[in-house]
Every structure is written in structure tokens, then in C-alpha cells.
Amino acid sequence: MTTLIFYIVDVFAERKYEGNQLAVFRGGAELTTEQMQKIAKEMNYSETTFILSEEPVNGGYDVRIFTPEKELPFAGHPTLGTAYVLRREIAGPDSENIVLNLKAGQIPVTAPPQDNPAQPGEPEMLWMQQNSPEFGTLLEWDLLERLLGLQPGDADRRFTPQAVSTGVPFVIVPLTSLEAVKRSGIKDKTVYTDLERLAGTGGVLVFSPETYDANHQLNARVFVESLGVPEDPATGSANGCLAGYLVKYRYFGEQSVETQVEQGYEIARPSLLYLKAGQMQSNSDIQVQVGGRSILVAKGEFV
């Protein structure tokens, strides 16, 4: 294996050493799938990405995404973080639009100039257009209460937990309070196996309208033990699913949402995700955008 250049980027981070860490490797076309998986396991971040092409292919850059345990067709913070590296190191900072060719399809990422005043070294704001959400299995509250260790009054029973996917499925679970979110977790592995069978996913996002920061509208936690990620600091794919859920169930009483979601506070990696979603006028699909800031932390060689 030849020497590989890699970058460490903090994604959905308002400043360095926050958000979700991502390792981005160049020269991925020279690696086998097995080598990529071993490198992702060695890095042991929630995800590691490999840039396969440094010239556009069908209008985008070929990229593969791995957790420590398996390859994913799509994931949010790897998409934004990889687009950040592509703009910074390959396509050039004047490239306002970057398209990633992922297993889930082409995902466009934009860096609007109005969101990024010229301040070198500051986190850079990027937005991704996710696939329209697909709504899957409805889940019983009884199962989720046992899974997450919920207490009476924790479940927001105005809404029904449901599996949602914009490329990778997550079960969206509305709770009533920040305290309920803080207490939650994967408490029963047998029930977790049942959830995977029923919903087709081991990813769970819990959220509440109470937050640590009064400037934010929602607090969320994401558990993905089946992918080797007990808790993720910031999850763009899951929050894209959340955005679709908020629109479908009119959580804020509106047909569209524009909101800020904090995540990662419970594991000392505070993160901030920006969500925009609404019903498309041309059809019944929901359009979802997820944004956040990225910043370079390190650059090195993998030998």
C-alpha cells in the first residue's frame, strides 16, 4: 500500500474540537474494500471516507464511507466533511457546489458565500441536499420504552415513533424533556435485536424540544450500536430523517421546518446541525437539507 494523505475534520462543529470527527483519505482508488475497512477500524471514528476520484466522474467525486464495522451507502457528517476537503484541497475554494457520488446516489453539497464570510481558519458552513425521506415501520411505544429505559411521562405520545430513511434508516423517537433524552440509551440488547428485525435498522434518534442552549430548538441523541457506534456526536443522516419526520407529523404545526438541533452534549462533543425541510409543490415528496460547519484539525500521512 502506498502512502496515503489523510485529513481529520471536525464536522457540525462551531469551533475546533467539537462536532463529529471524520478521517478523509485521498487515493482510495488504490485500496481494496478490505483495506479501507481495516483503515476505518484503525481510525475508529464514527466514519472514515475515501476519495476515489480527484477529477469529476458524471459531475461528481466518487467517495466511499465506512464505519469501524461496515460500509455505508450514505452518511451525513462524512458527506459534509469530505466535501469540505474536496473544496479546500482538490476542487478549490471558489467551488460553491460539490457533488459526491455515493452508494446511495449523487448528493450535492453547497457552500453559499453569504454563509461563509472571508475569515481564514474559521469553520466553514456547508449544506447537503439529502434524498427525499422514505417512511417505514411504525413502532410501538412499549418496545421503545423497554429498549431505551424510559420512565412514565418520557414518551411524547402525541406522535408515533417511526423508521425513516434518506439513504440510511433511523428510528425517530420523540420524547418530552431534556431529562428524558439524557437518561435514554440502549438498555436491553434483546429488545434491540427485536427492533432491528422489526424496523430494519439499529439506528435510533431520540429528541426533545428542551435544550441545553436556549438558542437551539431541539436536542437529540443518536445510538447506532449495530454499526460499532454506541453514541454518535453528530449525525447528519439521522437528522435528515428527523427533518422529514418533523414535516410529516407537523411537529411545529407547520408544513415546513427551519431549525437548529444540538447533539453530542452528553458525550462532551457539542455539535450543531441546521435543518431545512418542506413539502415539494410538484409532488408529495419532502425536500430535506442539512447544514453544519466543518473545520480542519490535522493533515498527515498514513503509511
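These exercises work through pockets, cores, a loop and a strand in a predicted model.

**Exercise 1. The second largest pocket**

Task: State the volume of the second largest pocket and describe its lining.

Solution:
- Step 1. Start with the space itself. The volume of the second largest pocket is about 250 Å³.
- Step 2. Turn to the lining. It consists of 24 residues. Nearest the centre of this pocket lie L72, V168, T201, V224 and L227.
- Step 3. Assign elements. At least two lining residues come from each of β5 (71-72), β11 (169-174) and β14 (229-232).
- Step 4. Sort by class. The lining of the second largest pocket holds ten nonpolar, nine polar and five charged residues.

**Exercise 2. The largest cavity**

Task: Find which residues line the largest cavity, and which element gives the most to that lining.

Solution:
- Step 1. Apply the size threshold. One cavity of 30 Å³ or more is present in the structure. The largest cavity contains about 40 Å³ of space.
- Step 2. List the lining. The residues around the largest cavity are E47, A75, G76, H77, P78, D232, A234, T235, G236 and S237.
- Step 3. Map the residues to elements. Both α2 (76-91) and α6 give two or more residues to this lining. With three residues, α2 gives the most.
- Step 4. Count the classes. Three lining residues of the largest cavity are nonpolar, five are polar and two are charged.

**Exercise 3. The nonpolar cores**

Task: Describe the largest nonpolar core and identify the helix with the largest share of it.

Solution:
- Step 1. Take the size. The largest nonpolar core has 57 residues.
- Step 2. Pick out the residues with the most contacts inside this core. They are F12, M128, F170, I172, L205, F207 and L242.
- Step 3. Find the main contributor. Helix α6 (residues 236-248) provides seven residues of this core, the largest share.
- Step 4. Look beyond it. A second core, separate from the largest, has 22 residues, including L148, A155, V171 and V181.
- Step 5. Set this in context. In soluble globular proteins, nonpolar side chains tend to be buried together.

**Exercise 4. Two residues in one loop**

Task: Decide whether E18 is buried or exposed, then do the same for G19.

Solution:
- Step 1. Place E18. This residue sits in the loop between β1 (4-11) and β2 (20-25).
- Step 2. Apply the cut-off. Buried means under 20% relative accessible area. E18 has 15% relative accessibility, so E18 counts as buried.
- Step 3. Check the contacts of E18. Beyond its neighbours within four places in sequence, E18 touches D10, A13, R269 and P270.
- Step 4. Move to G19. The loop between β1 and β2 also holds G19. Its relative accessible area is 0%, so G19 is buried.
- Step 5. Check the contacts of G19. Outside its neighbours within four places, G19 meets V11, F12, A13, P233, R269, P270 and S271.
- Step 6. Compare sequence with space. G19 and R269 are 250 residues apart along the chain, yet their C-alpha atoms are separated by 5.5 Å.

**Exercise 5. Strand β3**

Task: Explain why strand β3 (residues 47-51) is described as largely enclosed, and identify its pairing with β2.

Solution:
- Step 1. Count buried residues. Five of the five residues of β3 are buried, so the strand is largely enclosed by the rest of the structure.
- Step 2. Separate the two faces. E47, T49 and I51 point one way from β3, T48 and F50 the other way, and all are buried.
- Step 3. Add the partner strand. β2 and β3 run parallel and are joined by four bridges.
- Step 4. Locate one opposed pair. F50 in β3 stands opposite F25.

Definitions and conventions
Residues numbered from 1 in each chain as written. Predicted model: local features only at pLDDT ≥ 70, side-chain atom pairs only at ≥ 80, totals over all residues. Heavy atoms only, no water. 1 Å grid on protein atoms, 1.4 Å probe; cavity = no way out; pocket = protein on both sides within 12 Å on 5 of 7 lines; lining within 4 Å. Points joined across faces, edges and corners; volume = space filled by probe spheres on them. Nonpolar A, V, L, I, M, F, W, Y, C, P; charged D, E, K, R; others polar. Core = buried A, V, L, I, M, F, W, Y, C linked by side-chain atoms within 4.5 Å. Buried < 20%, exposed > 50% of the residue type's maximum accessible area, 1.4 Å probe, protein only. Contact = heavy atoms within 4.5 Å. Pairing = 2+ DSSP bridges.
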